[in-house]
Amino acid sequence: MRLFDFDAIGPELELLPLAARRTLDHAGIKLSRITWQALPFVTRQELTNLGSAERIDVNEVRRLLQPVAAVATSVDVVGDPSPGQVPELVSTALGPERPIPLASWAALEPLARYALFKVASSGRPERIEGAYRELIGHSAVSSHLEPSGGVRMVNVGGKQPSLRTARAQSQVKLNQLACQRLAARDVPKGDVFGTARLAGIMAAKKTSDWIPLCHPLALTRISVDLELDTQASVVRIEALVEAFDKTGVEMEALVAASAAALTVYDMLKSFDRGMQIGPTELLSKSGGRTGDYER
């Protein structure tokens, strides 16, 4: 059950909280305060719980309100604001001093977007300020920040899956001895390129375990290619990652290239402890709301 501080309604639910109001709007029903308070507490709880969910079961709302159907008022159905665009009414009510970047708006839960829209419609400055502070706050600076300022994983639940690809590269600069031993495949630890390739693939699949704000993704393709440039004494590494998912795979590609480079270092360090790794950089990405990127 989601209750907002700015709404100033406690868990006893004497007044109609925004979550319950959302259930009524979706069902096209209006209740007076007296009718709401006449409902059993457990019913008020269930309606508030329904309104806190991502999707509302309208049939269940109507079933719960059947005992008061005779005194309820039918009104136009009101759905949730789209996550794809900040409503002009909301932007106007908040004003330029309280911006809502599209990324922050899209990252909100449906109930939070609904709450901001309803509060903006009310025109009450103190509620608008309270709602903005509680629901947007520091996330206006970055969608990876909670309104209160703590870090968070962005909610991508409302986004549609699409094909995401990313390519990244890294390199390892070797001394002459390490380069010669690698070229001759004379390394005590075994197959350098084969081991590094496997390390990159395994690391890409573990990216969300390493990078705190990354989402676990169902990767559909990972390839890691390595080549030795004997003239420059450099191992060049390129990683390609693909997924059909709701967020990008740039970090997976960068992690794959990095892990492969570190594995090359590990397998050749007995010949050269001064190897230099990098630069490690993103070459390209495609898919998603931000579009394509090419270095």
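A salt bridge is counted here where a side-chain nitrogen of Lys or Arg lies within 4 Å of a carboxyl oxygen of Asp or Glu. The views show a predicted model, in which local features need pLDDT of at least 70 and side-chain atom pairs count only at pLDDT 80 or more, while totals for chains, interfaces and linings use all residues. Residues are numbered from 1 along each chain as its sequence is written, and side-chain values use heavy atoms, with hydrogens and water left out.

**View A. The salt bridge between Asp186 and Arg181.** The two side chains meet at 3.1 Å, N to O, and the pair belongs to a structure in which a search of the whole finds 19 salt bridges. Asp186 counts as partly exposed at 39% relative accessibility, on a scale where buried means under 20% relative accessible area, exposed over 50%, and partly exposed in between (1.4 Å probe, protein chains only). Its partner Arg181 is also partly exposed, with a relative accessible area of 25%.

**View B. A salt bridge between strands E5 and E3.** The side chains of Glu238 and Arg167 meet in a salt bridge of 3.1 Å, N to O. Because Glu238 lies in strand E5 (residues 234–245) and Arg167 in strand E3 (residues 162–173), the pair ties together parts that are 71 residues apart in sequence; helices (H or I, at least four residues) and strands (E, at least two) are DSSP runs, numbered from the N terminus. Glu238 is partly exposed at 31% relative accessibility, and Arg167 is partly exposed with a relative accessible area of 24%.

**View C. The salt bridge between Arg295 and Glu281, with a network elsewhere in the model.** The side chains of Arg295 and Glu281 meet at 3.8 Å, N to O. This pair links distant parts of the chain, with Arg295 in the segment after strand E8 (293–294) and Glu281 in strand E7 (residues 281–286), 14 residues apart. Arg295 is exposed, with a relative accessible area of 56%, whereas Glu281 counts as partly exposed at 23% relative accessibility. Salt bridges that share partners also join Glu97, Arg98, Glu129 and Arg133 into one network.

**View D. The second largest pocket and its lining.** A pocket is defined on a 1 Å grid over the protein atoms alone, as an open set of points where a 1.4 Å probe fits, with protein on both sides within 12 Å along at least five of seven lines, and its lining residues have an atom within 4 Å of a point. About 320 Å³ of space lies in this pocket, and 16 residues line it, of which Asp7, Ile9, Leu16, Arg21 and Arg127 lie nearest its centre. Helix H1 (18–27), helix H2 (33–38) and helix H7 (110–122) are the elements that give two or more residues to the lining, and the largest share, three residues, comes from H7.

**View E. The stacked aromatic pair of Phe4 and Phe6.** A search of the whole structure finds one aromatic pair, where rings of Phe, Tyr and Trp (its six-membered ring) pair if their centres lie within 6.5 Å, and planes under 30 degrees apart count as stacked, over 60 as edge-to-face and the rest as tilted. The rings of Phe4 and Phe6 lie 5.3 Å centre to centre, with 20° between the planes. Phe4 counts as buried at 4% relative accessibility, and Phe6 is likewise buried at 12%.

How values were computed
Points joined across faces, edges and corners; volume = space filled by probe spheres on them.
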